[in-house]
2 protein chains.
Amino acid sequence: MLNLDQLSAFVSVIDLGSFTAAADKAGLTQPAISLQVKLLEQRLGVRLIERVGRRAQPSPAGVELLLHARRILEDCSAVHEAMMPYREGSVGRVRIGSGGTASIHLLPRAIAAVKKRMPGLEIIVRIGNTEDILRDLEANALDLAVVVLPAAGRSLEVEPFYEDELLAVAPKGSHMPKDGPGTDFLKDKTFLLYEGGNTRRAIDEWFASDGIRLKPAMEFGSVEAVKELVAAGLGWSLLPGLALQRDRSDHLETSPVKPRLTRQLGMVLRRDKHLTRGLREVINCLREFRS
Amino acid sequence: MLNLDQLSAFVSVIDLGSFTAAADKAGLTQPAISLQVKLLEQRLGVRLIERVGRRAQPSPAGVELLLHARRILEDCSAVHEAMMPYREGSVGRVRIGSGGTASIHLLPRAIAAVKKRMPGLEIIVRIGNTEDILRDLEANALDLAVVVLPAAGRSLEVEPFYEDELLAVAPKGSHMPKDGPGTDFLKDKTFLLYEGGNTRRAIDEWFASDGIRLKPAMEFGSVEAVKELVAAGLGWSLLPGLALQRDRSDHLETSPVKPRLTRQLGMVLRRDKHLTRGLREVINCLREFRS
DNA sequence: ACAAAAGAATTCCTTATGGATTGCATTATT
DNA sequence: AATAATGCAATCCATAAGGAATTCTTTTGT
């Protein structure tokens, strides 16, 4: 029978290019690693590592073994993940990835609801741009993503669950058309935009459908920053309704635009994801927003 | 880290429905299997086997683990399969670096001989100048170099294996002294030379030993080109005998020079190189030329 | 038929040591 | 002065011997 410690040692040596480095990483001494690799080589009857000069390189057989070994080791760590939900005592853990806006305004409410039902559940939220989040999701470093759609990915399943309207935002006292400002009305305003990925794209498309190309005065990575700047009278903006709920009506004038401009927030999971109870709860709580 | 023996024991117990049976199959005693499964349960923090009545059945977590475990164990046995060809030496790879002349005229014959003995062997030949080849050899990007000597390098081992004579080559019908042309005879001829590194150097030294400094009319990177030009009557040349074996005697006059001028071809390996069966075969086949 | 405990055997790790190569500095040479 | 050669120190891996830890067996109990 093969031995996972030996496989792991072998992979580590190749990755780090040195027996000594692999030993340090594993918290062992160099002879231990040497022995592991040697035993593996004996068991397989093949030379796996070319000890040549100062560098350790895989032999042809070693290259082939690497492919298998990496997969096996990954599967083994996946086992721990898979057993997590069955564990007694630990209620579980849900790792959520999210874009900035949703994480500030939507997730806290959903998480609060989940926590009420499953107090022990550990919830981790990672903020990032859609691209990074989805990559981590595919790598199973995240359990669930909450992002602005569209979201692509062969192994991913997308469920839209919230339609967020983008609102025109102006300093208090600005003239705001009754039935909402259109592209014509807005095109000459000074614009401060949130430089989010899909949100920003939706805004550009909205203007572009009337043949207008927007040249924003400034772009910011933070919605809150844009809000403050608009409140200070520095210009107009188009911001997610979500971000405007904790009303700054004392300093801001807000209105839907014409035609209305919305963006879809969606939950994204790996298609083959095993649903733990915690994850199911989170999904259900997010669905509450669907109304 | 997971343990494959434990996984295997667990799967076996489920498959056979009994600890004792699993123990027999594994050639161990029953407590050993009990312990393995217990340790696995402890490590995963999950109960895996429901000991109910006479039959051992998997818990829900056990069912899930079975899926993973079977796959992992299969992959592990696939590893043995995958290593088999390398183990028997029927598969392998030899990366040879070579100067141009040897690679065209010597290597094909040696490779053909090796292939006859080890049909599965993968042979890669990289052409380049001596310097590049030797650098790659030191970096272990090549297994063997076949170059014109001398070849330096602290970590390299050199074995001369073929003495190649440089022949004077003239257009058909040229006057060629009976006992071979000397420097005196050749110094006034129009010369077309092959701009190889060590070969070219050997020629310069040959003339220099009689105090003559050669001013070749043209230099070419290809021996074949020089041959064609000489055949077309454009001048004389000194070329490796190896390159003249596929006789162009219908258009060329060839003769040893006086004193005879030879260059050594050598095999070069890293001093600490591990000899695979394939590499040994290649070396042996090259030695056949030594006669 | 499985679990638990104690002793035995094996495995695996650490320490110590030696061989080999590499990188750097020093020295000799053209 | 620049280049090549030499010598030294450092680094890395292999091996051997002793010791710690794991794992198996035997025995016994539920």
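**Contacts between the two chains and with DNA strand C**

Between chain B and chain A, 3 salt bridges are counted in this predicted model. In one salt bridge, the side chains of R71(A) and D75(B) meet at a distance of 2.9 Å from N to O. The rule further finds 5 residue pairs in polar contact across the interface of chain B and chain A, with both residues of each pair at pLDDT 80 or more. On the side of chain B that touches chain A, at least two residues each come from α1 (4-16), α3 and α4 (60-88), and α4(B) gives the most, with 17 residues. By class, this side of chain B comprises 18 nonpolar, 7 polar and 10 charged residues.

In terms of contact, 35 residues of chain B meet 36 residues of chain A. The area buried between the two chains is about 3300 Å², and carbon and sulfur atoms give 67% of this area. Of the area that chain B buries against chain A, M1(B), M83(B) and Y86(B) supply 17%, more than any other three residues.

DNA strand C is surrounded by 20 residues, of which T29(A), Q36(A), T20(B), S34(B) and R51(B) are the closest. Of the atoms of DNA strand C that come within 4 Å of the protein, 63% belong to sugar and phosphate. A polar side-chain atom of S34(B) lies 2.8 Å from a phosphate oxygen of the strand, whereas a side-chain N or O atom of Q30(B) is 3.2 Å from a base nitrogen, and a polar side-chain atom of R154(B) lies 3.3 Å from a base nitrogen. To the surface near DNA strand C, α3(B) gives the most, with 4 residues, and the residues of this surface divide into 5 nonpolar, 9 polar and 6 charged.

Definitions and conventions: Residues numbered from 1 in each chain as written. Chains lettered and ligands numbered in written order. Predicted model: local features only at pLDDT ≥ 70, side-chain atom pairs only at ≥ 80, totals over all residues. Heavy atoms only, no water. Near = heavy atom within 4 Å. Polar contact = N/O pair within 3.5 Å; in protein donor to acceptor, adjacent residues only side chain to side chain. Nonpolar A, V, L, I, M, F, W, Y, C, P; charged D, E, K, R; others polar. Contact = heavy atoms within 4.5 Å. Buried area = accessible area lost by both parts, 1.4 Å probe. Salt bridge = Lys/Arg side-chain N within 4 Å of Asp/Glu carboxyl O.
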